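This report takes up the cysteines of one protein and then turns to a sheet. Here is the structure in question.

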Amino acid sequence: MKKAIYLLVSIIILFSSLHSAPVIFKYDNGIPAGMYSNANTLGWDETVMLKPPGPCKINKVQLYLSGTVAAPDTIWVVGDPAEGAYPPSSYCWYINKLADGKIINYTGTPGWYEIDISADNIRADGICSVVIQHRNKQNGPYFTFDNQSQTQEIHSLLVDLRPNPDFLGIRGTIFARSQGNFMVRFEIEYDFPDGETTAQAPPPTLVDVTKEAGLVDGNGSPIKSAMVSVVGFNNNEFEDLAVGSYYFSNNGDATFENKSSQANLQAGQTSWADIDNDGNIDYFALNGGLNDKILFGNGNLSFVDETDSIIKLNQPTVTPMFFDYNHDGLLDLYIAYGRAGDPEVYYPDQLFKNIGNKKFENVTNTAGISAGEPAPYYDCWGASICDYNNDNWPDAFVATYRLAPDMLFRNAKNGMFDEVGGATGARGIPTYYTNAFGHGMGSDWGDFNNDGYDDLCVGNLGHPDERALNSNPSLLFKNDGPPNWTFTDMHSEMGLKFFEMNAGTVWADLNLDGYLDLVHAQYSYDAKGARNDRFTRFYLNQGPSKNFKLKDVTWETGAYNHGAWAPVRLDFDNDGDMDIIVASGHENLKLFRNDLPNKGYWIAFRLSGSPANNVPNEGFGSNVTVYSGGQKFYRSLPGTVMNGRCSQSSNELNFGIGSVSTIDSVVIKFPNGQTNKFTGLAINTKYKIPYMQSPVRMKLTAPMLLSPLNFTTKMVPDVAFDWSQVSEGTKYEILISNKKDFSDTVLHQNELTQTSSNSSTFEINKTYFWKTRAFSDTDTSNWSSIWEFTVGTPTPLAPKLKNPPNDSLNISAKPKFIWNTSEYYAKYPGITIYDLQYSTDPTCSTDVQSFYGLLDTTFLVTEHLIPDTKYYWRTRGINEGQPSQWSEIWNFTVMALPSKPFLTSPANGDTAVSKRPSLSWEESTNADYYTLELSKSEVFNPDSINYQATDITSTSRKLFKSLDEGTIYYWHVRAGNDGGESEWSQTYNFKTEGILGIEEVDNSGLFVKTSPNPFDKVTNIEFYLPEPGFTTLNIFNIEGIELETILSEKLDAGNHLVKWDAKRHPTGIYYFQLIIGNKSYTGKLIVIK
């Protein structure tokens, strides 16, 4: 295991060397253009949301301030609670600040001012913004905006603090973009620098293996669910999963088998325990109210409904939890209920005492639960069982919604509970409104500072506007221990972020350094991608040297999941580290395999009890303390481990113990007061602990792979392999292949006595997969996880072509080439660029046009290809100079040019042609559009062209601009398509006559008048018909394109008025044409807006 520690040291040194020199992150261009000093914006929050693209430490804030009056100003550095969907307001500064307000003494001279915040250790996480705000005050100073438009998603804004009439009058919910970019910048140091910016995120170390592990529906798709339950060990050494009505059986090889049809779960969600102490797992089927059930297991994935009707209440069930509150060895049932209806009605929690024989008694009143939750009751969403005062009597914590105080029911050891949320401080922290607390969404207990007392994390939804004044953020309560057993909130000091949609939580020592880390889900009302994504956050506990500060490592671990309610912990692959499932109904449930670099050793326990000695079969009510290297590590199992609504974690007690390689002793305390102490237990081992018996080694655990790190590239052919020691493992086997299914073995070594191996049999620029397993004299472990590495640079596979399709015809002369992204055997190869070639040569060897270093998988040709010509094309991918094979060659034929048009009317040489003629021609083959030119000169000099129209899509054009009387005009037409344009048609000429103008009367007796004219919105077109007739009134633009028909019906003789509403049309000249039978009248309309 020393190799793991040496590896970690080298990684730390590497990361330390990667830290960049300070760089400036900004959106502005440095040119001041203005400020908001008008009275309308006084009292608003001027806001800048800066989002560096990778994790970094922020050393300084630079601001360009304006104003003429010298004055101090307070600058606030705060979080981004809505993940960029909208800005925070000053109402939430007290819970959203990343440091205390910083004072700037503005001198009255506009310019740059700087605040050094390096000592505050403020970090950006690479996912959301860090926000700079101040209050816009009379006389300033003011934030200054630059002279360019904002190009980033919302980042420079003003938050209007007046009541929002469109949103329940809530203040802090109105905001507007600033005219330019506010000139505010950060001086930062990137964790993963690449020149002046950040490198790409490293390959994930919390790896999404959901599909690989088989957690999919019948169609092979991931499952959308906000809840998941880890099923107790079901008479084997591997934990199963239940997701609604889905049941997944653990195969013991890091995969699951869908056995939903066999299990036939009758539930929306489930809570699991051995309720009747028969050794078989049972479950509470949460279906809501009167449809709730308890089904008892037979040990073969069959379950029998033997529900005691007393547990069926017409109430909205949220969290059912099992624990033995009265120490009789029988598992009792606590159910937290939620709300229903509009207006909302809340329902009281219930406690059901197990009286044996699968029967229960409702003791809610007699046990003191009712006294702790008075009418009109609370809306409960995040209950959990605990033993907060280490007396081995289980207590119950209930996180409540709708700003109610959270409840902590202390077990009085006499069948009664006292509600002590207020006395201990667990009910929440004070807000600006008396008796207003939080919106509880989940909770979990764990000893984050190794003082032997379980601490509490409560997930609270909370808004960044005026509602923040009466709402708690997520809270992190340090258990102050005896004698008073009170709690101190440490969320701000420890860096637990305030997000609007924080939900369920789970503790787990992810990196086995001996300190519990935290996973905190973030819910959403939207599907992924619909608006700003809201991701679950993964925090690493940095230990006592950094005051247990939580570091957000979501970006670098790659563990993204949007809109989740609850995370749970388990060791699904039996390798000794805890993996995490994050349940989301808005993206999907994801299983993240834990491949974090190891920082130490571990030991794990699975407890069992003795009902005959008043200890339930699953050991509920027990706790374990591990002593190692002068430290103690504490875990408790007071009852069902719930993390939010009805999501349930593993019962396994897993301990990371850091770098000390020996276990001094282990003390197990059972709920009946019996204690067992063991020495000589081995590290990196899982033990079953039967009641008051010696530990029993479980199956050999799979080795943890150490080096080469998963997804490593650019390795030399001589590769050194390292993996963790497995306790009692005497020999090891390693298997290496260039295929993930290991169907083609490159290296197979067994009978290895060390946890390392070397080989130089690898080819350059190839990707390989490897795994190991351990052997003892009596057992064989499962195979480890499969990791991959690449010797040299990953070589891309040849891209697959998409467009133009192969053998396609009539393709544009400026085609758009599209191909698929190059695939790799390596999962995280880096950035691929592309080469593209096209040619008239079928082999693309001669007459080749080449384009190199393309960053996209599309390319638009900008110069016309030759019409009616066949072309051939191909692409290839390149990764850091390593090219793929060329793709297959596809061909396409450019469309032919259209035929030359033939003119039809007016006929060549016509006279007495209207001054507003209609010109027409025959349709040309392959034509998409036509161009018309009309001139007084038959050579069509540019100065002589009287009319020109392009992109005509019909074969005629009406001229509404009057031509000169008695004048000879020449005209011709040519056709066009994407391949180019035809020759001009033959030139025709005609001679004009006059035509009646506006308000003139023709010889048919039509009198027409328009008023107002010119106009801006609506004009009246009045006309007189001497006799009945079918009448049409059309509107045209100046190009002769018909816009609309506003009248088409038979009218009686007499006066008529028709209105034309031009509100949809811009300023310009238009024409109307009134047609009655074979008579017509054309008039001009002028729109001025």
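C646 is buried, with a relative accessibility of 0%. The model is a predicted one. C646 takes part in no disulfide. Its nearest cysteine sulfur belongs to C380 and lies 14 Å away.

C128 is buried as well, at 5% relative accessibility. Why does C128 form no bond with the closest cysteine sulfur? That sulfur sits in C56, 11 Å from the sulfur of C128, which is too far for a bond. The cut-off for a disulfide is a sulfur pair within 2.5 Å. The count for the structure is 0 disulfides.

The table sets out the two sulfur distances.

| Cysteine | Closest cysteine sulfur | Distance |
|---|---|---|
| C128 | C56 | 11 Å |
| C646 | C380 | 14 Å |

Now the sheet. Four strands, in the order β39-β40-β41-β42, make up an open sheet. Their pairing is antiparallel. Which strands form the edges? They are β39, residues 502-508, and β42, residues 550-552. Each of these edge strands pairs on one side only. From one strand to the next, the twist averages 25 degrees.

Strands of a sheet pair through backbone hydrogen bonds, in a parallel or an antiparallel sense. How many bridges join β39 and β40? The two strands are linked by 5 bridges, and they run in the antiparallel sense. Strand β40 covers residues 517-522. One bridge can be located by residue: A508 has D517, in β40, as its partner.

Note on methods
Residues numbered from 1 in each chain as written. Predicted model: local features only at pLDDT ≥ 70, side-chain atom pairs only at ≥ 80, totals over all residues. Heavy atoms only, no water. Pairing = 2+ DSSP bridges. Axes fitted to C-alpha atoms, helices over the stretch in contact; angles between N-to-C directions. Buried < 20%, exposed > 50% of the residue type's maximum accessible area, 1.4 Å probe, protein only.
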